[in-house]
Every structure is written in structure tokens, then in C-alpha cells.
Amino acid sequence: AGVEAPFPGWVVGTLRFDPNRPGRLWAGLWGIWSGGSVAFSDDLGATWSEDEQAALRFPSDSGAAVAQVWQLTPGPADRPDEVWAGVEPAALFRSTDGGRSFDLVEGLWRHPHRESWHPGFGGLCLHTVLPNPDDADDVLVGISTGGVYRTQDGGTTWKPLVEASVMGLA
């Protein structure tokens, strides 16, 4: 007898242990008809839950759709209900309610450098999210061929630390 797949019809793009909640795993999902979503397990993967509101969706006027969830990162210990999701096309979503719902981080999505970001070998993805454990409003992100950006105000404004043009990628 085989093992039943926990997400039939879904691609699991990322899996992450949550240090703020013992036993919790996060899974970044992508479905061809459903787009991106996030599921969680509180028993190290024996059972999984997915809230319909946890779907990662761009605002309807953006013309964008999630192609894949590349990164899930729990917030620091003093914000245990915070979860960041890096996706393709290069965007960042944030949950402040323990992953029950996610909102697009508009400050990064509308950054003026965005139009110069181009897909790399893995696509145009936001693949790294690094919250500062000592300052929850300080977060670094890495964008494939887009560079490295930092916010120190919880995501409202973003400054480039390393731009793709400096790396010879744009």
C-alpha cells in the first residue's frame, strides 16, 4: 500500500518548520486552477489544514496571478502570528493572523525598480525572506535578478541593498 499524498493536484513549492509553534509545518502550494495557497500542519505533517482565505491572490486590477510559492517564513518570536510568503512573479505577501489570510505587500509590489526586474533561470521570483529576529519591522528579501531589498518599517517602504544592475543581471 502506498502513502496517500496530502495535496492531490497541488505542487508543493516550499515546506517550512515554524520555530514559534512546536509541531507546525507550513506548505506553499500551487494549483493549476487555483493559484497559490498556504496549508499548515500542527502535527508535523500527519494532518493538514488549508483555509480558503489563505489563498495568495493579487488585487484584481494588477493583472497578475501567483505562479508558485517559493518561500514561507514565520515572523520573529515576538510576532508568532506573522508569516511571509515570497512568490513568483516577484512579490511578497504577509499574514498577521497565523496564516488564515494573506495580503500583498504593496510597497514592494509598486516599487519603481519593479519594471527593471526580469525572469532568471527560476523565473521572476521572490525566493528569500529574512526577518530580523531583533526588529520585526526590519526584513530583507531576495528577488531573482531583481536584487536585495530591505524594509525597516514593516513593508511600507523598501530600499535596494544590491540591485540587479549592479550584479550585471539587468
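## A pair of strands to start

Strands β5 and β6 run antiparallel and are paired over six bridges. One of the matches is leucine 72, whose bridge partner in β6 is alanine 85. The model described here is a predicted one.

## The four-stranded sheet

β5 and β6 belong to an open sheet of four strands. The order is β5-β6-β7-β8, and the pairing is antiparallel. β5 (68-74) and β8 (103-104) are the edge strands. Each has a single partner strand, so one side of each has no neighbour in the sheet.

Now move along the sheet. β6 and β7 are antiparallel and joined by five bridges. Tryptophan 84 has arginine 94 in β7 as its bridge partner. The two strands form a hairpin, with two residues between β6 and β7. Next comes the pairing of β7 (residues 91-95) with β8, which is antiparallel and has two bridges. Here phenylalanine 93 stands opposite leucine 104 of β8.

## Two strands, two patterns of burial

In a regular strand, side chains alternate between the two faces of the sheet. Strand β6 (residues 83-88) shows two such sets. Val83, Ala85 and Val87 point one way, while Trp84, Gly86 and Glu88 point the other way. All of them are buried. Six of the six residues of β6 are buried, so the strand is largely enclosed by the rest of the structure.

Which residues of β11 point to the buried face? In this strand (residues 147-151), they are Gly147, Tyr149 and Thr151. Val148 and Arg150 point to the other face and are not buried.

## The β10-β11 hairpin

Strand β10 (residues 135-143) pairs with β11 in the antiparallel sense, over five bridges. Valine 139 has threonine 151 in β11 as its bridge partner. The two strands form a hairpin with three residues between them. Threonine 145 sits in the turn, with a positive phi of about 60 degrees.

A salt bridge also joins these strands. The side chains of arginine 150 and aspartate 138 meet at 2.7 Å, N to O. Arginine 150 is in β11 and aspartate 138 is in β10, so the pair ties together parts 12 residues apart in sequence. Arginine 150 is partly exposed, at 29% relative accessibility. Aspartate 138 is buried, at 5%.

## Serine 95

Serine 95 is found in strand β7. Is this residue buried or exposed? Serine 95 has 0% relative accessibility, so it counts as buried. A polar atom of its side chain lies 2.9 Å from the backbone oxygen of serine 101. Beyond its neighbours within four places in sequence, serine 95 is in contact with Asp81, Glu82, Val83, Arg100, Ser101 and Phe102.

## A network of charges

The count of salt bridges comes to seven. Arg79, Glu82, Arg94 and Asp137 are linked in a network of them. Arginine 79 meets glutamate 82 in one salt bridge, at 3.3 Å from N to O. Glutamate 82 is buried, with 2% relative accessibility. Arginine 79 is partly exposed, with 25%.

Arginine 79 also forms a salt bridge with aspartate 137, and their closest N and O atoms are 2.9 Å apart. This pair links distant parts of the chain, 58 residues apart. Arginine 79 lies in the loop between β5 and β6, and aspartate 137 lies in strand β10. Aspartate 137 has a relative accessible area of 28%, so it is partly exposed.

Methods:
Residues are numbered from 1 along each chain as its sequence is written. This is a predicted model: local features need pLDDT of at least 70, side-chain atom pairs count only at pLDDT 80 or more; totals for chains, interfaces and linings use all residues. Side-chain values use heavy atoms; hydrogens and water are left out. Two strands pair if DSSP finds at least two bridges between them. Buried means under 20% relative accessible area, exposed over 50%, partly exposed in between (1.4 Å probe, protein chains only). A polar contact is a pair of N or O atoms within 3.5 Å; within protein, one must be able to donate a hydrogen and the other to accept it, and residues adjacent in sequence count only if both atoms are side-chain atoms. Contact means heavy atoms within 4.5 Å. A salt bridge is a side-chain nitrogen of Lys or Arg within 4 Å of a carboxyl oxygen of Asp or Glu.
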